[in-house]
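I am keeping this notebook to record what I looked up, entry by entry, for someone who has not met this structure before. I begin with a single residue and then work outwards to the helices and the core.

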Amino acid sequence: MTKNPLINALVAALYITIVASLMFYGSDALPTEDRLIMPIAMISLFTLSAAVMGHCFLYQPLQMYFDGEKKSAAKLFVQTIGAFAVITALIFLAMLYGNI
């Protein structure tokens with residue numbers, strides 16, 4: 001990841017958009033009957049998503065922290081969370097006031 005909190009937050013939002021789009025549009029292609037593979041797939045997706053989000057939010061701050069840049073690392077982490085919070089709020093506003 002980068003030292004730019006906005007890019008990190010946008011990458012996280014892009015990943016979520018891709019996964020949500022695949023789930024929304026791909027659900028028509030999946031069988032509707034209950035199958036053992038579905039909970040396995042969902043738990044696997046959850047685990048993958050946790051790893052991807054951890055990378056987006058924590059990789060660069062942890063690298064900076066271990067390089068001795070503790071204050072900069074904390075600042076980058078908080079700014080990335082803040083940027084993602086703004087993106088999330090904009091999504092909810094679009095959902096509330098738009099036709100999305």
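**Entry 1: Leu-45**

In which helix is Leu-45 found? I looked it up in what is a predicted model, and Leu-45 lies in helix 2. I then turned to its accessibility and noted a relative accessible area of 22%, so Leu-45 is partly exposed, given that buried means under 20% and exposed over 50%. Setting aside residues up to four places away in sequence, I found that Leu-45 touches Tyr-15, Val-19 and Met-23. For one of these partners, Val-19, I also looked up the backbone: its C-alpha atom is 8.9 Å from that of Leu-45, although 26 residues separate the two along the chain.

**Entry 2: helix 1 against helix 2**

Those contacts led me to the pair of helices. The axes of helix 1 and helix 2 come within 9 Å and cross at roughly 165°, and since angles over 145 degrees count as roughly antiparallel, I entered helix 1 and helix 2 as roughly antiparallel to each other. The crossing of these two helices is right-handed. On the side of helix 1, I listed Asn-8, Val-11, Ala-12, Tyr-15, Ile-16, Val-19 and Met-23 as making the contact, and on the side of helix 2, Met-42, Leu-45, Leu-48, Ser-49, Val-52, Met-53, Cys-56 and Phe-57. Sorted by class, the residues of this contact are 13 nonpolar and 2 polar, with no charged residue.

**Entry 3: helix 2 against helix 3**

Next I took helix 2, which covers residues 37-66, together with helix 3, and noted that they pack at about 165° with their axes 7 Å apart. Helix 2 and helix 3 are therefore roughly antiparallel to each other, and their crossing is right-handed. From helix 2 the contact draws on Cys-56, Phe-57, Leu-58, Gln-60, Pro-61, Met-64 and Tyr-65, while helix 3 supplies Lys-70, Ser-72, Ala-73, Leu-76, Phe-77, Thr-80, Ile-81 and Phe-84. I recorded the classes here as 11 nonpolar, 3 polar and 1 charged.

Two residues from this contact I looked up separately. Ala-73 belongs to helix 3 and, with a relative accessible area of 4%, is buried; leaving out neighbours within four places in sequence, Ala-73 is in contact with Pro-61, Met-64 and Tyr-65. The C-alpha atoms of Ala-73 and Leu-62 are separated by 6.8 Å, and the two residues are 11 apart along the chain. Gln-60, for its part, sits in helix 2 and counts as buried because its relative accessibility is 9%. Beyond residues up to four places away, Gln-60 touches Met-1, Thr-2, Lys-3 and Leu-76.

**Entry 4: helix 1 against helix 3**

At what angle do helix 1 and helix 3 pack? I noted about 45° for helix 1 (residues 5-26) and helix 3 (residues 70-97), with their axes 8 Å apart, so this pair is oblique. The crossing is again one that I entered as right-handed. The residues in contact are Pro-5, Leu-6, Asn-8, Ala-9, Leu-10, Ala-12, Ala-13 and Ile-16 from helix 1, together with Leu-76, Gln-79, Thr-80, Ala-83, Phe-84 and Ile-87 from helix 3. Of these, 11 are nonpolar, 3 are polar and none is charged.

I also looked up Lys-75, which is found in helix 3 and counts as exposed because its relative accessibility is 52%. The C-alpha atom of Lys-75 lies 9.4 Å from that of Pro-5, with their positions 70 residues apart along the chain.

**Entry 5: the core**

Which elements give two or more residues to the largest nonpolar core? I first wrote down its 11 residues: Ala-9, Ala-12, Ala-13, Tyr-15, Val-19, Met-53, Cys-56, Phe-57, Ala-83, Phe-84 and Ile-87. Helix 1, helix 2 and helix 3 each give two or more of them, and helix 1 gives the most, with 5 residues. For one core member, Ala-12, I looked up the partners beyond four places in sequence, and these are Met-53, Cys-56, Phe-57 and Phe-84.

Technical notes:
Residues numbered from 1 in each chain as written. Predicted model: local features only at pLDDT ≥ 70, side-chain atom pairs only at ≥ 80, totals over all residues. Heavy atoms only, no water. Axes fitted to C-alpha atoms, helices over the stretch in contact; angles between N-to-C directions. Helix = DSSP H or I, 4+ residues; strand = E, 2+ residues; numbered from the N terminus. Parallel < 35°, antiparallel > 145°, perpendicular 65-115°, else oblique. Left-handed = near helix turned anticlockwise from the far one by under 90°. Contact = heavy atoms within 4.5 Å. Nonpolar A, V, L, I, M, F, W, Y, C, P; charged D, E, K, R; others polar. Core = buried A, V, L, I, M, F, W, Y, C linked by side-chain atoms within 4.5 Å. Buried < 20%, exposed > 50% of the residue type's maximum accessible area, 1.4 Å probe, protein only.
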